[in-house]
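Grab a pencil and keep the viewer open. Below are some short exercises, each with a worked solution.

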Amino acid sequence: MGALNLDFSAWNTPTTWLTFAAWFTVSYCYLSMGITGGYHRLLTHKSYKVPNWLKYFIVSGGYLALMGAPVSWVAVHRLHHQKSDQPGDPHSPRDGFEHALYKWMFDMEKRQPIEEIRKQVPDLLEDKWLCKLGVDHSAKQAQLCLWVNIAARVLILVAFGPVAFTANLIASIMVFWSPQFVNTFCHLENWGYRTYEVRDGSRNVPWVGIMAMGEGWHNNHHAFPKSARHGIKWYELDCTWMMISFLEKVGLATEVIRPTVVSAEVIAKAKEAQAAKFVTASNAGVQTTSDSAELVNLALDVPEPELVKS
Ligand SMILES: [Zn+2]
Ligand SMILES: [Zn+2]
């Protein structure tokens with residue numbers, strides 16, 4: 001193994017900056033999409049489908065962003081949608097800013113024991129590869145994730161050098177905090193704006209929207225939890241949606257769920273068509289009592305979905 005070049009004064013060259021920019025961009029996109037496109041929209045909400053090899057590739061990005069076992073993450077997030085900003089929400093800022101930002105992670109084992117997790121994620125427990133990463137909130141699964149993450153960074157340092165390593169490390173830190181910012185700032189009063197009157201305090205916060213690849217349009221998301229698209233207005237940039245649409249165009253993503261026009265006529269039609277049965281079926285995996293979400297799920301019965309009008 002050659003000696004590592006740790007002479008930082010030699011860094012200020014165009015090649016170095018180009019290498020840094022390339023590693024930062026690729027790392028940021030892969031890790032962030034792993035959380036937003038993998039853990040969140042694919043595993044939790046089943047907003048779209050991809051072949052298994054691609055599913056594991058996308059989800060690995062989330063694991064390498066220190067998100068812990070996918071099964072545990074999804075169990076927390078489904079609970080968040082069921083209880084958002086009510087007692088039992090795992091990370092509502094109504095229980096304190098620091099609690100929502102990071103403290104909630106440390107007592108999840110007590111608050112969501114394995115029996116509760118099993119109820120939340122029966123679908124994921126059938127996936128033996130995902131289960132290998134852990135199926136609970138134990139320290140063991142968190143440590144496994146930590147060691148895999150450390151090993152991956154050591155590999156980058158040894159194989160590609162300190163510039164690649166530093167770019168990857170900075171991207172990783174930013175990506176790690178982005179879902180925590182969604183949990184906190186996108187449920188805090190006075191930040192951003194609300195487009196839909198849902199029962200929780202979710203909000204669309206532009207800087208989180210950009211930083212978290214579209215997840216900061218969180219009020220839209222709580223209104224349409226199953227939609228693969230979170231940014232709805234033209235200025236609500238949603239990079240994860242761009243990736244999913246691209247995968248759909250090249251035939252790799254299928255059954256992509258979009259927000260639909262919720263007109264009185266559409267709702268009435270859907271309600272006629274065995275409303276109760278349909279709500280249950282379309283909510284499989286995530287139960288929500290949000291009125292608008294329920295209406296959208298009803299509306300999903302209508303062919304050729306269009307973009308929602310706010
Ligand atoms: Zn939320
Ligand atoms: Zn969600």
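A nonpolar core is a set of buried Ala, Val, Leu, Ile, Met, Phe, Trp, Tyr and Cys residues joined through C-beta atoms within 7 Å. Keep in mind that this is a predicted model.

**Exercise 1. The core**

Find out how many residues the largest nonpolar core has, and which elements feed it.

Solution.
- Step 1: The largest nonpolar core contains 50 residues.
- Step 2: Inside this core, the residues with the most contacts are Tyr39, Tyr48, Val71, Val74 and Ala75.
- Step 3: Two or more residues come from each of H1, H2, helix H3 (70-83), H8, helix H9 (162-185) and helix H12 (239-249).
- Step 4: The top giver is H1, with eight residues.
- Step 5: For background, nonpolar side chains tend to be buried together in soluble globular proteins.
- Step 6: Now zoom in on Val71. Leaving out residues up to four places away in sequence, Val71 touches Val121, Leu124, Leu125, Leu130, Cys131, Gly134 and Val135.

**Exercise 2. The whole chain**

Work out which kinds of elements the protein chain has and what share of its residues count as buried.

Solution.
- Step 1: Count the elements: there are 15 helices and zero strands.
- Step 2: The protein chain has 310 residues, and 43% of them count as buried.
- Step 3: Take the contacts between residues at least 6 apart in sequence; 67% of these join residues at least 24 apart.

**Exercise 3. Two helices that cross**

Describe how helix H1 (residues 14-44) and helix H2 (residues 52-63) pack.

Solution.
- Step 1: The angle between H1 and H2 is about 115°, and their axes are 6 Å apart.
- Step 2: H1 goes past H2 in a left-handed crossing.
- Step 3: On the H1 side, the residues that meet H2 include Tyr30, Gly34, Gly38 and Leu42. On the H2 side, Lys55, Ile58 and Gly61 are among them.
- Step 4: Sorted by type, the residues of this contact are 10 nonpolar, six polar and one charged.

**Exercise 4. Checking a helix length**

Check whether the end-to-end distance of helix H8 (residues 139-160) fits its 22 residues.

Solution.
- Step 1: At 1.5 Å a residue, H8 should span 32 Å.
- Step 2: The C-alpha atoms at its ends are 31 Å apart, so the two values agree.
- Step 3: Look just after H8, where Gly161 has a positive phi of about 95°.

**Exercise 5. Unusual phi angles**

Where do Lys46 and Met213 sit, and is each one buried or partly exposed?

Solution.
- Step 1: Most residues other than glycine have a negative phi.
- Step 2: Lys46 isn't a glycine, yet its phi is positive, near 50°. Lys46 lies in the loop between H1 and H2.
- Step 3: Lys46 counts as partly exposed because it has 16 C-beta neighbours inside 10 Å.
- Step 4: Met213 also has a positive phi, of about 55°, without being a glycine. You'll find Met213 in the loop between helix H10 (206-211) and helix H11 (218-223).
- Step 5: Met213 has 27 C-beta neighbours inside 10 Å, so Met213 counts as buried.

**Exercise 6. Distance in sequence and in space**

Compare sequence and space for Arg78 with Ile117, and for Ile114 with His137.

Solution.
- Step 1: Arg78 belongs to helix H3. Arg78 is buried because 23 other C-beta atoms lie within 10 Å.
- Step 2: Arg78 and Ile117 are 39 residues apart in sequence, and their C-alpha atoms are 9.8 Å apart.
- Step 3: Ile114 is part of helix H6 (residues 114-120). With 13 C-beta neighbours inside 10 Å, Ile114 counts as partly exposed.
- Step 4: Ile114 and His137 are 23 residues apart along the chain, with 7.9 Å between their C-alpha atoms.

Methods:
Residues are numbered from 1 along each chain as its sequence is written. Chains are lettered from A and ligands numbered from 1 in the order in which they are written. This is a predicted model: local features need pLDDT of at least 70, side-chain atom pairs count only at pLDDT 80 or more; totals for chains, interfaces and linings use all residues. Helices (H or I, at least four residues) and strands (E, at least two) are DSSP runs, numbered from the N terminus. A residue is buried if 20 or more other C-beta atoms lie within 10 Å of its own, exposed if 12 or fewer, and partly exposed in between; C-beta atoms are placed from the backbone. Two residues are in contact if their C-beta atoms, placed from the backbone, lie within 7 Å. Axes are lines fitted to C-alpha atoms, for helices over the stretch in contact, and angles run from 0 to 180 degrees between N-to-C directions. A crossing is left-handed if the near helix is turned anticlockwise from the far one by less than a right angle, and right-handed if clockwise. Ala, Val, Leu, Ile, Met, Phe, Trp, Tyr, Cys and Pro count as nonpolar, Asp, Glu, Lys and Arg as charged, and the others, Gly among them, as polar. The expected span of a helix is 1.5 Å times one less than its number of residues.
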